[in-house]
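Please take the sequence and the model together, and follow the account below from one site to the next.

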Amino acid sequence: CEIVIPNSKSNVVHEFPDHIFAPNLKFIPMTWEMGLKEEVQAADLVICPSLWSAPIEGALIKSLYWGRAVAVFFALYSFSNEISNNAIIRLTSDLDQSALDILKFLQKSQSEKQEKQYHARKYIKKLYSQMDLKSLFD
């Protein structure tokens with residue numbers, strides 16, 4: 001499985017333990033307009049590692065709308081706490097347990113995975129019910 005980090009390695013190398021650099025980990029600087037949207041749409045799972053800023057919350061909302069499944073790490077006062085467990089995968093700070101939770105999700109049937117996507121889009125449509133979603137997220 002290929003893992004794409006939408007940033008240059010030099011910008012995020014300090015965030016990763018040394019042992020995490022594997023051949024399937026790709027660092028590709030990109031923005032939503034320059035390929036990130038397509039990466040999110042193609043990914044089996046999008047992980048939003050931090051939810052402490054408005055841009056990250058915006059990325060979470062776009063990922064919920066366009067992605068197949070989204071995982072977040074627990075943060076006590078984050079926006080993600082308002083999202084139903086049916087729509088999102090919640091990870092803990094225990095990286096071993098989080099890795100197991102991700103593997104467990106990826107091994108689920110296609111219909112179980114699609115159910116996450118359905119609930120995520122339903123949540124976003126409810127959140128933005130008065131807006132034109134296509135123009136908001138394109």
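At 72% relative accessibility, P23 counts as exposed, since the threshold for that class is over 50%. In this predicted model, P23 belongs to the loop that runs between α1 (9-12) and β2 (25-27). Although P23 and I3 are separated by 20 residues in sequence, their C-alpha atoms lie 9.4 Å apart in space.

From this loop the reader may turn to the aromatic residues. A search of the whole structure yields 1 aromatic pair. The ring centres of Y65 and W66 are 5.0 Å apart and the ring planes stand at 90°, so the pair is classed as edge-to-face, a class that calls for planes over 60 degrees apart. Both partners are buried, Y65 as well as W66. Each ring also has a basic residue set over it: the charged end of K37 sits over the ring of W66, at 4.1 Å from its centre, while R121 lies over the face of Y65, 5.3 Å from the ring centre.

Charge also meets charge in this model, and here a general point helps. Side chains of opposite charge can pair when their charged atoms come close. The count of salt bridges comes to 1, and it is formed by D44 and R68, whose closest N and O atoms are 3.0 Å apart. This pair links distant parts of the chain, 24 residues apart, with D44 placed in the loop between α2 (36-42) and β3 (46-48) and R68 in the loop between α3 (54-66) and β4 (70-73). D44 has a relative accessible area of 45% and is therefore partly exposed, and R68, with a relative accessible area of 35%, is likewise partly exposed; the class covers values from 20% to 50%.

The last site to consider is a pocket. The second largest pocket holds about 170 Å³ of space, and its lining is made up of N85, I88, I89, R90, D101, K104, F105, K108 and K116. Two elements, β5 (89-91) and α4 (95-106), give two or more residues each to this lining, and the largest share, 3 residues, comes from α4. Sorted by character, the lining residues of the second largest pocket divide into 5 charged, 3 nonpolar and 1 polar.

Notes. Residues numbered from 1 in each chain as written. Predicted model: local features only at pLDDT ≥ 70, side-chain atom pairs only at ≥ 80, totals over all residues. Heavy atoms only, no water. Phe/Tyr/Trp six-rings, centres within 6.5 Å; stacked < 30°, edge-to-face > 60°. Buried < 20%, exposed > 50% of the residue type's maximum accessible area, 1.4 Å probe, protein only. Lys NZ or Arg CZ within 6 Å of the ring centre and 35° of its normal. Salt bridge = Lys/Arg side-chain N within 4 Å of Asp/Glu carboxyl O. Helix = DSSP H or I, 4+ residues; strand = E, 2+ residues; numbered from the N terminus. 1 Å grid on protein atoms, 1.4 Å probe; cavity = no way out; pocket = protein on both sides within 12 Å on 5 of 7 lines; lining within 4 Å. Points joined across faces, edges and corners; volume = space filled by probe spheres on them. Nonpolar A, V, L, I, M, F, W, Y, C, P; charged D, E, K, R; others polar.
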